[in-house]
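Here is a short briefing on one protein chain. Please keep the sequence and the 3D view open while you read.

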Amino acid sequence: MEISGIISAIVIGIVIGVLGRLVVPGRQRIGLLLTIVVGSVAALAGTLLAARFGLAETRGVDWVEWGVQTALAAVGVVALDRAAGGRRRR
């Protein structure tokens with residue numbers, strides 16, 4: 001993988017992760033690095049799911065694919081937030 005591919009994957013991970021956090025109401029207790037990781041994983045999984053169901057190849061912007069990626073990121077944010085809730089400092 002070239003450096004441009006790595007940079008674009010990080011940027012897409014940031015965008016999808018932030019969109020996932022925006023969808024989830026309230027404050028999340030996960031940091032920026034976990035947001036990027038969740039966004040990157042959600043972007044990859046969303047792309048694979050969209051391709052599996054024939055939704056990846058459309059003309060123009062792939063709104064359905066972005067929606068799937070954002071929904072997966074929101075699920076990941078909620079899961080990590082709940083896991084972090086068990087480790088809260090008192």
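The points below cover a salt bridge, a helix pair and a buried side chain.

This is a predicted model. A search of the whole structure finds one salt bridge. Helices α1 and α2 cross roughly perpendicular to each other. Gln69, in helix α3, counts as buried.

**Salt bridge**
- The partners are Arg29 and Asp81, whose side chains meet at 3.6 Å, N to O.
- The pair links distant parts of the chain, with the two positions 52 residues apart in numbering.
- Arg29 sits in the loop between α1 (3-23) and α2 (32-52), while Asp81 belongs to helix α3 (residues 63-85).
- Arg29 is partly exposed, at 42% relative accessible area.
- Asp81 has 14% relative accessibility, under the 20% cut-off, so Asp81 counts as buried.

**Packing of α1 against α2**
- The two helix axes come within 7 Å and cross at roughly 100 degrees.
- That angle falls in the 65 to 115 range, so α1 and α2 are roughly perpendicular.
- From α1, the contact uses Ala9, Ile10, Ile12, Gly13, Ile14, Ile16, Gly17, Val18 and Arg21.
- From α2, the contact uses Thr35, Ile36, Gly39, Ser40, Ala42 and Ala43.
- By class, the contact residues are nine nonpolar, five polar and one charged.

**Gln69**
- Gln69 lies in helix α3 and has 5% relative accessibility, which counts as buried.
- Neighbours within four places in sequence aside, Gln69 is in contact with Ile16, Ala42, Ala43, Gly46 and Thr47.
- Among these, Ile16, Ala42 and Ala43 also take part in the contact of α1 with α2.

Methods
Residues are numbered from 1 along each chain as its sequence is written. This is a predicted model: local features need pLDDT of at least 70, side-chain atom pairs count only at pLDDT 80 or more; totals for chains, interfaces and linings use all residues. Side-chain values use heavy atoms; hydrogens and water are left out. A salt bridge is a side-chain nitrogen of Lys or Arg within 4 Å of a carboxyl oxygen of Asp or Glu. Helices (H or I, at least four residues) and strands (E, at least two) are DSSP runs, numbered from the N terminus. Buried means under 20% relative accessible area, exposed over 50%, partly exposed in between (1.4 Å probe, protein chains only). Axes are lines fitted to C-alpha atoms, for helices over the stretch in contact, and angles run from 0 to 180 degrees between N-to-C directions. Angles under 35 degrees count as roughly parallel, over 145 as roughly antiparallel, 65 to 115 as roughly perpendicular and the rest as oblique. Contact means heavy atoms within 4.5 Å. Ala, Val, Leu, Ile, Met, Phe, Trp, Tyr, Cys and Pro count as nonpolar, Asp, Glu, Lys and Arg as charged, and the others, Gly among them, as polar.
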